[in-house]
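Visitor: Please take a close look at a single part of this model. I would like to see how two helices from separate chains pack, with the residues spelled out.

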Amino acid sequence: MKEFLAMGGYAFYVWTSFGLTFVVMTAIVLSSIYQRRQAINSVKRQAAVARQRADQKNSL
Amino acid sequence: MLEAFNAVLNRDLRLAMRRRGDWVNPLVFFVIVISLFPLGVGPDTELLRQIAPGIIWVASLLATLLASETLFRADFDDGSLEQLVLSSQPLSVLVLAKVLAHWLITGLPLLFLSPLVAVVLQLQGRSIPALMASLLLGTLTLSLVAAIGAALTVGLRKGGVLLALLVLPLFIPVLIFGSSSVLAVEGGFPVQAHLSMLGALFLLSLALAPLAIAASLRIIYE
Amino acid sequence: MFQWFHRLASLKNFYRLAEIITPWLAVLCAILLAVGLYRGLVVAPTDYEQGESYRIIYVHVPSAWMSMFVYMVIAFCSAIYLVWNMKLADIVAQASAPMGAAFTFLALATGSLWGKPMWGTWWEWDARLTSELILLFLYIGYMALRGAFENSAAGAKAAAILALVGVVNIPIIHYSVEWWNTLHQPASITKFDTPSIHISMLIPLLMMALGFKLFYLVNMFSRTRSMILEREASTSWVRNRAQENNL
Amino acid sequence: MSETLLEIDDLSLFRGQRCLFAGLSFSLSAGQVLQLVGDNGSGKTSLLRALCTLLPLETGTLTWRSEPLPQGRDNYLAELCYAGHADAIKLDLTPRENLAFYASLSNVPAHHIDTVIDKVGLAAQRDLPCRLLSAGQRRRVSLSRLLVSKAVLWLLDELLTALDAKGRALVAGLIAEHAAAGGAAIFTTHQPLSLDGVRVDPLDLNAIQVQDDSGVHS
């Protein structure tokens, strides 16, 4: 295990590369999730506004 | 079609005659940038000669970029660009006339100035024809490519920095073949291959750039 | 009127299609990446020339491939958008650009990390790294141009034109940089991609590459769906699904 | 019944996500003059810009002399002259040079330029740089393009801006003459404009605006 982590003396370069890749890909996933939440919230907000307006029209 | 081409060309040249600043400023910029380098790297003759092709080419790149910002700006502001877009003549021909006029005003003077800066930067006399030939083909290509960026950004308020970001990466092939053709002569190698690459780039941009410019000018009004 | 409904329908259909296949792709992607990582890091033998440091290719090469692939997707979608005015193509291009830039950045960073032990320097003006750097500039320009327009339709078309100009230029830039590189550095010490790579090293590489591609697809579908929702927020099909809490 | 030149069918225009109007249909015959009426923001300028093909149509068709666009685009543009908010003249050039440029751009002979300049009352200024002219005089140069171009369809946005009473009368006369000669015009203005002997049909954009401001008409 120790030998595996040492990567034949190149541990820093190899693990930084893989770590960086992991960080960037996680960031991509998180931002996809964030965008989806934003979109859903915005749709719900707009739907609520539209419903309110329709109710007002009906009550008039 | 030819009549419309000439009309645009003549109008732009006449306007440039009446407004000096447009074509003098990029020239002065070119000279200043070049004179900065010896001050920055030191007056070592040998070093200067080695980096001279690169310096001259980078300076022409930046001068072309700077000049291209004004290419469509005035026409956009006073509404005459709209009239060009609405003309029944092919827009790509009209913009080609504009680019040609612009090159005659801002690119050609660089060409005539280049022997002077070559001497200042200690280039050998025999490199000067190659330098001028590469600048002739190269600045024409640069003007065409820069015009695409200028057309895309003309409607934007902060177009200047964006224009540099869009256009400079596209300048790289011209920079490489341009400076290497001078280096080739300096090193005593034949220069034909470099110049024919520049010629190919010029023909390619001559064929495609006007279409891209015309398409860009149509969308900025949406 | 028909055209308008047709466009709505195609966004709606795409939304549904992506909804169905995205989970499957995500599972497949996770499996491929996990197995590829294991086989690449543990099973694959040590390279006799570069030692263990060669294992960086398992993230570097897929990133570099993706950086080109995503640009091609953007250019392809841009052409479709400009010719047929198909809004879905524009959305896909818009959703792809930040990921393409991220892959390009990864290719650069891991290339630099590989270069330090191999070349002894963090940055070598190697043809491939230089091309990758220019590609990053093209991505940044694409996103900056789109963002600079107040009118999003005009911004989309401007960005599409720029993407097409870029795609014509990429081979020229690549060729010229390679030419410049051989001119100035006649003897390159080690080529990055060894042409005769052993099969036990190649298989994990291909798995990682496919995993990256699926990773891009999953995220691209998700982002495209989000953008469709925002653009179509006031249409009846989105409203209905919002009411059923099934977005 | 005079010949129908321009037919607009089911046209909708969007600015961003906002629908300006939808389902607009009208036609324009030779000799007809149309005034666009509507509040600020009702889309008068956008409609004119869409009619001269600067803005894309969200839906709908535009037909010129029975030939639908985009196929008939070049023929349409050749017979169209658009005068927008901007004067579209070069201040460093003289009125004569400006008009000569537009004449060769629209491929018409330039020999009647001097007559046109006399007609709009700029005979004394025709060789002065436009920079030295007043705003109203520059507007007159800009409107001279209409006469120089020999266009059949005039699209005029805020055509009376910067013009004095005399200038307004001049423009009214030009439009009346144009209509009498079989031309057509669509214009917007905030000032009243009376044309002698020519009927001006109003086109009210307020009336066809979509009430639902969500911008979707489905």
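**A helix pair between chains B and C**

Guide: In this predicted model, the contact is made on one side by Leu162(B), Leu165(B), Leu166(B), Pro169(B) and Ile172(B), which belong to helix 8 of chain B. They meet Ile134(C), Phe137(C), Leu138(C), Ile140(C), Gly141(C), Ala144(C), Leu145(C) and Ala148(C) of helix 4 of chain C. Sorted by class, the residues of this contact are twelve nonpolar, one polar and no charged. Gly141(C) is the polar one, because Gly is counted with the polar residues.

As for the geometry, two packed helices are described by the angle between their axes and the distance between the axes. Here helix 8 of chain B spans residues 159-186 and helix 4 of chain C spans residues 127-148. Their axes lie 9 Å apart and the packing angle is about 150°. Angles over 145 degrees count as roughly antiparallel, so helix 8 of chain B is roughly antiparallel to helix 4 of chain C. The crossing of helix 8 of chain B and helix 4 of chain C is left-handed.

The spacing of the residues can be read in the light of a general point: an α-helix has 3.6 residues a turn, so residues three or four places apart point the same way. In helix 8 of chain B, the contact residues include Leu162(B), Leu165(B) and Pro169(B). In helix 4 of chain C, they include Ile134(C), Phe137(C), Gly141(C), Ala144(C) and Ala148(C).

How values were computed
Residues numbered from 1 in each chain as written. Chains lettered and ligands numbered in written order. Predicted model: local features only at pLDDT ≥ 70, side-chain atom pairs only at ≥ 80, totals over all residues. Axes fitted to C-alpha atoms, helices over the stretch in contact; angles between N-to-C directions. Helix = DSSP H or I, 4+ residues; strand = E, 2+ residues; numbered from the N terminus. Parallel < 35°, antiparallel > 145°, perpendicular 65-115°, else oblique. Left-handed = near helix turned anticlockwise from the far one by under 90°. Contact = placed C-beta atoms within 7 Å.
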